[in-house]
Amino acid sequence: MVVVTLENVDKIFPPNVVALKDINLKINDGEFFVVLGPSGHGKTTFLRVLAGLEVPTRGRIMFDSEVIVDTERGIFVDPPKRNVGMVFQNWALYPHMKVFDNIAFPLKIKRLPKREIEARVREIAEILGIGDLLDRYPRQLSGGQQQRVAIARALVKRPRLLLLDEPFSNLDARIRISARAFVKRLQRELKITTILVTHDQQDAYSVADRLAVLRRGVIQQVGNVEDLLDRPANLFVATFLGDPPMNIFEGKIIREGGSYIADAGSLKIPLPDAPSLGGYVGRKVFVGIRPADIYIAPEPQSREHAVLRSGRVKLVEVTGFVTTALVEWDGLEARVQVIGRAPEEGSEVPVYVNVGKVKIFGDD
Ligand code: ADP
Ligand code: MG
């Protein structure tokens, strides 16, 4: 329904809290876009700037070709004129109003005729599967039902953009999974451009077409889930994403027998044959290896995989279908995958590594 463009957007709260720094983004028509970042790093501020509840300190925002904010030209379109639906983190339902009146509220403010309000509320309530709850008060609803009421209230105005602030964080684990699937399906059906912010990776992966990782108000990387997990742009993205997260070793790169090796002290890690590694020789680096790319097994799973020095198995963990082990080499530790029979805790075993997947990050 709308393409959202942000150019050089900053938001600084007085005296000098930098909540957003030089945000440049283009969110596509009908896209489900997610902003993922730790708590306190600017996610809610990002949504509030789009909704018009905060004035950016600098920058330009456009909905399609319409300029919504331009600090240089003094343009600021007021929230009601933006036609954006927002679901707040705590849902912010009016406790003294029935579900019907909660959903109808934005239309009453717009002074729509009563008959139209009635029809629109019933229509959106049906779409959200809460048509039989209209006479209840919010306190008489489950968490999942309250969330649907909040979404219905955001959608009843037929907004061109839907903003969702941590919509699943108030739901317990079981309902959370079905709520994600529901929101994803709804977005697909309505084809409404949607931006969701969350600190939770699983929330993000389950709905996102594309994601941006936000750290201290700065976008670190934009891409789909695979881009972020397989090709993290920096050490922050590499360690913030992934469950379990990437193993990180501090070391330096040396050249040995025509190949690059990361020297992490008690562990020497072979590296892929990439010319770009030359620039890191002699410098302090961080070596990242996902638990899926380092493993204990009776034999290597491919000719391209290399064997590392044997390590001592500290702990074996069976989680669902996957078994992992914590392996130690004189003070260095890694979480590794176990293929085949689980090793004895305390035993010394060879560890294999998928060399092509080893990542190097600079010291920044
Ligand atoms: P998140 O949603 O990622 O948890 P927020 O966008 O709420 O983060 O906050 C980002 C930063 O901006 C935090 O340091 C927060 O304390 C600060 N902040 C947010 N709103 C205000 C405000 N109205 N006044 C001052 N500082 C604020
Ligand atoms: Mg927030």
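## The shell around ligand 1

In this predicted model, ligand 1 is surrounded by Phe 13, Val 17, Ala 19, Gly 37, Ser 39, Gly 40, His 41, Gly 42, Lys 43, Thr 44 and Thr 45; a residue counts as near a molecule if its C-beta atom, placed from the backbone, lies within 6 Å of it. Sorted by class, this shell holds three nonpolar, seven polar and one charged residues. Here Ala, Val, Leu, Ile, Met, Phe, Trp, Tyr, Cys and Pro count as nonpolar, Asp, Glu, Lys and Arg as charged, and the others, Gly among them, as polar.

Two elements, β2 (17-27) and α1 (43-51), each contribute at least two residues to the shell around ligand 1. Helix α1 gives the most, with three residues. Helices (H or I, at least four residues) and strands (E, at least two) are DSSP runs, numbered from the N terminus.

Residues are numbered from 1 along each chain as its sequence is written, while chains are lettered from A and ligands numbered from 1 in the order in which they are written. Because the model is predicted, local features need pLDDT of at least 70 and side-chain atom pairs count only at pLDDT 80 or more, whereas totals for chains, interfaces and linings use all residues.

## The β1-β2 hairpin

Let's follow two of the shell residues into their strands. Phe 13 stands opposite Val 17 in β2, and both residues also belong to the surroundings of ligand 1. Strand β1 (residues 4-13) runs antiparallel to β2, and seven bridges join them; two strands pair if DSSP finds at least two bridges between them. With three residues between them, β1 and β2 form a hairpin.

## Helix α3 and its two partners

How do the axes of α3 and α4 cross? Helix α3 (residues 99-109) and helix α4 (residues 114-127) have axes that come within 10 Å and cross at roughly 125°, so α3 and α4 are oblique to each other. Axes are lines fitted to C-alpha atoms, for helices over the stretch in contact, and angles run from 0 to 180 degrees between N-to-C directions. Angles under 35 degrees count as roughly parallel, over 145 as roughly antiparallel, 65 to 115 as roughly perpendicular and the rest as oblique. On the α3 side, Phe 100, Ile 103, Ala 104, Leu 107 and Lys 108 meet Ile 117, Arg 120, Val 121, Ile 124 and Ala 125 of α4, where contact requires C-beta atoms, placed from the backbone, to lie within 7 Å. This contact of α3 with α4 has eight nonpolar, no polar and two charged residues.

Helix α5 (residues 143-155) packs on α3 at an angle of about 30°, with axes 7 Å apart; α3 and α5 are therefore roughly parallel to each other. Val 99, Asn 102, Ile 103, Phe 105 and Pro 106 in α3 meet Val 149, Ala 152 and Arg 153 in α5. The residues of this contact divide into six nonpolar, one polar and one charged.

## A barrel and an open sheet

Five strands close into a barrel with mixed pairing, in the order β16-β19-β18-β17-β20. Its neighbouring strands are turned by 50° against each other on average, direction ignored. Within the barrel, β17 (residues 305-319) and β18 (residues 322-329) pair in the antiparallel sense over seven bridges, and Glu 317 has Thr 324 in β18 as its bridge partner.

Another five strands form an open, antiparallel sheet in the order β14-β13-β12-β15-β21. β14 (268-270) and β21 (359-362) stand at the edges with a single partner strand each, so one side of each is left without a neighbour in the sheet.

Key: Contact = placed C-beta atoms within 7 Å.
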